[in-house]
Amino acid sequence: MISRRDFLQATVAASALWGASGVGNWSRLAAQQALTQDKLLEFDDYGNVTLIHITDIHAQMKPIWFREPEINLGVGAVNGQPPHVTGADFLKMFNIESGTPEAYALTYPDFEALARAYGRMGGLDRCATVIKAIRAARPDALLLDGGDTWQGSLTAQKTAGQDMVNVMNALKPDAMTSHWEFTLGIDRVTEIVEGLDFPFLGANIFDAEWNEPAYEPYKMFEVGGANVAVIGQAFPYLPIANPKWMFPNLSFGVREERMAEVVQEVRDNGADLVVVLSHNGFDVDRKMAGNVPGIDVILTGHTHDALPEPVMVGQTLLIASGSNGKFISRVDLDVQNGRMMGFKHKLIPIFSDVIEPDAEVAALIDAEREPFKAELEEVLGTTDSLLYRRGNFNGTWDDLICNALIDEHQADIALSPGFRWGPSLLPGDNITREDLHNATAMSYPAAYRSEMTGETLHTILEDVADNLFNPDPYYQQGGDMVRVGGMGYHIDVSKPQGSRITNMTMLKTGEAVDPAKSYVVAGWASVNEGTEGPAIWDLVEAWIRKQGAVTIDPNTSVQVTGA
Amino acid sequence: MQLSRRNALALGLGGVAFAALPLPAMAAETVEELTAAFAGGATVGTGGVTLTAPEIAENGNTVPISVDAPGATAIMLLASGNPTPAVCTFNFGPAAGSQMASTRIRLAKTQDVIALARMADGSVVQASSTVKVTIGGCGG
């Protein structure tokens, strides 16, 4: 049963806006209050503009468990800065007591026990309730979807994103931006976008041949008497992190100078407030906020961070609204004479047992799932261990996948990509086919088996590590480290590319990995066209069925220093 | 390495003709040698030249690069990590409406791309940008 607590809103008076640190007072005023829908939604309307932000839903229409990361390192200037704060440090930074609903929603400690106490989070029918309540108070509130919406479940996979498109349309977003959307293939994206009632924004998406803008960069809205420009920024590294051959004529990139141009353009066109709906990732947005003048609010996405308070960079607010439908951010702004005078912000946690599902959207979700019901619900096995993915180096879901790859492909070493999507399962839970697909569903799932030399493996680890730990955020791609089965290594995250990874060791024999020797490597989600192998979910399903009950041993194969 | 493979295809901006001359392929001239020859004894400063390049190349074989140096008479592009660092030099005549150019270059590996601009008074400035050439594939 839910304990009687609530999140308090972070209210900052207009006079305190500039110079506010952005951290430290989220729950300072928190008294013991009832965890009720009314309390979760409580918000004294402020100013004249309301933004509603949801991002990185990854096709999770139903409530889920989602364990936040234990390790989420920041390098260089952002070391120890949000969102690179986890566990007890996070609780301390935001004055949250352990064991509370806030602690459960935002951090990893005692996850299993707190999950059992406070229940699953998310569910787009619950999100619909929250969105409708905000719109009841503020009819012209803008609902902005940060992307990674159409991918991440069995039903999204089987319908090429149509189930999510239908459910999101019922929520009536005002704009969205994108990342995994493009892994449906350019033709499918074009087909969906042509049918949307709202703009699919991406100021940084260009035609690769002519280097000309390929999508609408921004949309201007009139809200509360103010002109609000919403600029879209898609994930900058789509053609590198995902298969370029699926959208061969598009080019992305951070394109900071382009963002500066578009901000200037919307200001020249009379924008009183400039909002960037971004899929850059938090650190990239933080750098962009510092370098590009004139942005009032960045609604961040991609890196799946949930922060209970905005981070301020100069006079720009950075909002981080989590992932998987776990949170919705409400941001009220006072915009006068072309200036943002103050804000009020609340990260609304979607406790699925507390917030009433919206009946209309619940029925729509059920209708989308109905054709696949038997397939979704089939039990493949059970787990004795907590299964989760999020974290820089390893997660038990990927340990499971790596174990399956090694056994089924008779490999020495397994590689599983460092995706940040994929909900959790509690010890004792059944593993249904839906659960497995929630951790694997995507459009390039071939589980390959190939040979690589020790030197090649080292190059791959160094390359991925630099995507994560390059001290310049513009060189970061926002995923976590590639997960490795069968092999351990040491990483010094403070070193430059080429010298971070040492002590690569075969776990079975304890022998050092020989740069010149070939090893049998199994993996999945290769970005190369024509990769052959069974779909990862078929391979893992076969393995789970053989196991019956799955147990994942603690993984200490990655030694981390330099953080 | 063939010169044509460097994709030294210049897209004229502003409608004013200028010449993009691939540098003579005297193999293995270093960045230092090329810089010294271009600067002609001037001390190389910074500011006044803008180099726009992607942080991470989507395709190392054809990386879009733009340079802009108002008032320049010539801009030289160097790819410091290529076997032959010289890429090309853009020369701007007095009738040029702007001193900017875009091209696509091939990068063998992660490296700094350097743009040097020679101004009408003979002074030389430079800008550089690290372009990462990555194997990619694990973002998400």
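These legends walk through several close-up views of a predicted model with chains A and B.

**Figure 1. Overall confidence in the predicted model.**
Before zooming in, here are the scores to keep in mind. The model is a prediction, and it scores ipTM 0.87 and pTM 0.91. For chain B, the mean pLDDT is 83, with 76% of its residues at 70 or more. Residues 1-19 of chain B are a stretch to treat separately: their pLDDT is below 50. Even so, this stretch has 43 contacts in the model beyond near neighbours in sequence.

**Figure 2. Where domain 1 and domain 2 of chain A meet.**
Chain A is split into domain 1, covering residues 10-367, and domain 2, covering residues 378-561. Their C-alpha centres are 28 Å apart. At the contact you will find 42 residues from domain 1 of chain A and 33 residues from domain 2 of chain A. On the domain 1 side, the elements giving two or more residues are α4 (111-118), α6 (154-158), α9 (238-241) and α11 (282-291) of chain A. Of these, α11(A) gives the most, with four residues. By residue type, the domain 1 side divides into 19 nonpolar, 16 polar and seven charged residues.

**Figure 3. The open sheet β21-β20-β24 of chain A and the helix that packs on it.**
Take a look at the three strands of this open sheet, which follow the order β21-β20-β24 in chain A with mixed pairing. The edge strands are β21 (501-506) and β24 (558-561) of chain A, each of which pairs on one side only. From one strand to the next, the twist averages 10 degrees. Strand β20 of chain A spans residues 487-492 and pairs with β21(A) in the antiparallel sense, over four bridges. To find your place in this pair, start from A:G488, which stands opposite A:T505 in β21(A). Helix α16 of chain A, residues 454-469, packs on the sheet and touches both β20 and β21 of chain A. The direction of α16(A) makes about 130 degrees with that of β21(A).

**Figure 4. The contact between chain A and chain B.**
Here 27 residues of chain A are in contact with 14 residues of chain B. On the chain A side, α9 and α16 each supply at least two residues. Helix α16(A), which also packs on the sheet of Figure 3, gives the most to this side, with four residues. The chain A side divides into 14 nonpolar, nine polar and four charged residues.

**Figure 5. The antiparallel sheet β3-β4-β7 of chain B.**
Moving to chain B, you meet an open sheet of three strands in the order β3-β4-β7, with antiparallel pairing. Strands β3 and β7 of chain B stand at the edges with a single partner strand each, so one side of each has no neighbour in the sheet. The twist averages 15 degrees from one strand to the next. Strand β3 (residues 50-52) of chain B is joined to β4(B) by three bridges; B:L51 has B:V67 of β4(B) as its bridge partner. Strand β7 (residues 100-105) of chain B pairs with β4(B) over six bridges. Two residue pairs help to trace that pairing: B:D68 stands opposite B:M100 in β7(B), and B:S66 has B:S102 of β7(B) as its bridge partner.

**Figure 6. Strand β4 of chain B and its surroundings.**
Why is strand β4 of chain B described as largely enclosed by the rest of the structure? Five of the six residues in this strand, which covers residues 63-68, are buried, so the description follows. A useful cut-off here is that a residue is buried if 20 or more other C-beta atoms lie within 10 Å of its own.

**Figure 7. Strand β10 of chain A, covered on both faces.**
Which residues lie on the two faces of strand β10 of chain A, residues 297-300? A:V297 and A:L299 are on one side, with A:I298 and A:T300 on the other, and all four are buried. Strand β9 (residues 273-278) of chain A runs parallel to β10(A) and is joined to it by three bridges. In that pairing, A:V275 has A:V297 of β10(A) as its bridge partner. A:V297 is therefore a handy starting point, being both buried and a bridge partner of A:V275.

Notes:
Residues numbered from 1 in each chain as written. Chains lettered and ligands numbered in written order. Predicted model: local features only at pLDDT ≥ 70, side-chain atom pairs only at ≥ 80, totals over all residues. Pairing = 2+ DSSP bridges. Axes fitted to C-alpha atoms, helices over the stretch in contact; angles between N-to-C directions. Contact = placed C-beta atoms within 7 Å. pLDDT = per-residue confidence, 0-100. Domains from an automatic or database assignment. Nonpolar A, V, L, I, M, F, W, Y, C, P; charged D, E, K, R; others polar. Buried ≥ 20, exposed ≤ 12 C-beta atoms within 10 Å, placed from the backbone.
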